[in-house]
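Student: Please pick one part of this structure and go through it closely. I would like to know what it packs against, and by what it is linked to the rest.

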Amino acid sequence: MIEELEQEAKKRGYTIYALTNIAIKSLLKLLKEGEDASVLENIVEYHRLSSSLDLVPVTSWYLENITRLAYEKDPNEYEKICEGVGEQIGSYLKSKANDINDLMEIYNMIKPLMPIRDVQIKDSNGLIEFRIYGTGFSAVSTLCASRIFSKIGESFGLEIKKVDALAGGIVTLIGKFSGPSNKLVT
C-alpha cells in the first residue's frame with residue numbers, strides 16, 4: 001500500500017508526508033467527533049457515489065416542500081419523475097453491483113451517511129420483502145421513494161408484486177427475483 005500511495009502522490013504532485021498528514025488530520029477530526037474510524041471509508045464511497053450521480057446536497061425540509069408542490073401541480077408527472085430517478089440510480093448501481101447482495105454491501109458502506117436508516121429483508125416462500133425506513137416524512141415524499149426503490153429493485157431483476165408507502169418514511173416492496181443470479185444471502 002505504501003508503494004501505491006507513493007505512486008499516487010507523485011502523480012498528483014504531493015509528497016507522501018503531505019498525503020499522510022491530510023489523511024491523519026481527517027481521521028483525527030472524525031475520532032474527536034466520536035465517529036468510528038471506518039466512517040472515513042464510508043465517506044470515500046459516498047463521495048464516489050454522489051460524484052457519479054451528480055447529487056446535490058439539499059435539506060430534507062426543502063425536499064419535503066418541493067415534492068409536495070410538484071405533487072399538487074401534477075401527481076402523474078411527479079410519479080414519472082420519481083420513477084426516472086429510480087431508473088437512473090438503478091442503472092448506475094447495476095454498473096457497480098452484480099446482484100442484490102453486492103448492492104446491500106454498497107448500502108452498508110454508505111449507510112451512516114444516508115437518510116435511509118435501515119433496510120430489513122425477509123425471504124419467505126420465494127417472495128422477498130424489503131422494508132426500507134427513513135425515506136421521507138410525508139406521504140408524498142415516501143410515495144416518491146417507493147417509486148425510486150421499485151425501479152432500483154427492477155434493475156436487479158426484482159419483479160414487484162406489491163408496494164406500500166407509509167407516511168413517516170416506511171416503504172415496503174414485495175417481489176420475486178427473476179433469474180438465479182439474484183439469490184439473496186441473508
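Tutor: What follows takes one helix and then the elements around it.

The model is predicted, so local features need pLDDT of at least 70 and side-chain atom pairs count only at pLDDT 80 or more, while totals for chains, interfaces and linings use all residues. Residues are numbered from 1 along each chain as its sequence is written, and side-chain values use heavy atoms, with hydrogens and water left out.

The part is helix α7, residues 139–155. Helices (H or I, at least four residues) and strands (E, at least two) are DSSP runs, numbered from the N terminus.

Begin with helix α5, residues 75–96: its axis comes within 7 Å of that of α7, and the two cross at roughly 40 degrees. α5 is therefore oblique to α7; angles under 35 degrees count as roughly parallel, over 145 as roughly antiparallel, 65 to 115 as roughly perpendicular and the rest as oblique. Axes are lines fitted to C-alpha atoms, for helices over the stretch in contact, and angles run from 0 to 180 degrees between N-to-C directions. The crossing of α5 and α7 is right-handed (the near helix is turned clockwise from the far one by less than a right angle). On the α5 side, the residues in contact (heavy atoms within 4.5 Å) include Y78, C82, V85, I89 and L93. Among their partners in α7 are V140, L143, C144, I148 and I152. By class, this contact of α5 with α7 has ten nonpolar, four polar and six charged residues. Here Ala, Val, Leu, Ile, Met, Phe, Trp, Tyr, Cys and Pro count as nonpolar, Asp, Glu, Lys and Arg as charged, and the others, Gly among them, as polar.

The link between these helices is also covalent: a disulfide (a pair of cysteine sulfur atoms within 2.5 Å) joins C82 to C144, with an S to S distance of 2.0 Å. The torsion about the S-S bond of C82 and C144 is about -110 degrees, so the disulfide is left-handed. Because C82 belongs to α5 and C144 to α7, the pair ties together parts that are 62 residues apart in sequence. The count for the model comes to one disulfide.

Helix α4, residues 60–73, also packs on α7, with the axes 8 Å apart and at an angle of about 85 degrees. α4 and α7 are therefore roughly perpendicular to each other. In α4, E64, T67, R68 and Y71 meet V140, S141 and L143 of α7. This contact of α4 with α7 divides into three nonpolar, two polar and two charged residues. V140, S141 and L143 are also among the α7 residues that meet α5.

Next comes the sheet. Its four strands form an open sheet in the order β1-β2-β4-β3, with antiparallel pairing (two strands pair if DSSP finds at least two bridges between them). β1 (118–124) and β3 (158–166) stand at the edges with a single partner strand each, so one side of each is left without a neighbour in the sheet. From one strand to the next, the twist averages 15 degrees. β3 and β4 (residues 170–177) run antiparallel and are joined by eight bridges; A165 has V171 in β4 as its bridge partner. Against this sheet, α7 touches β2, β3 and β4, and its direction makes about 165 degrees with that of β3.
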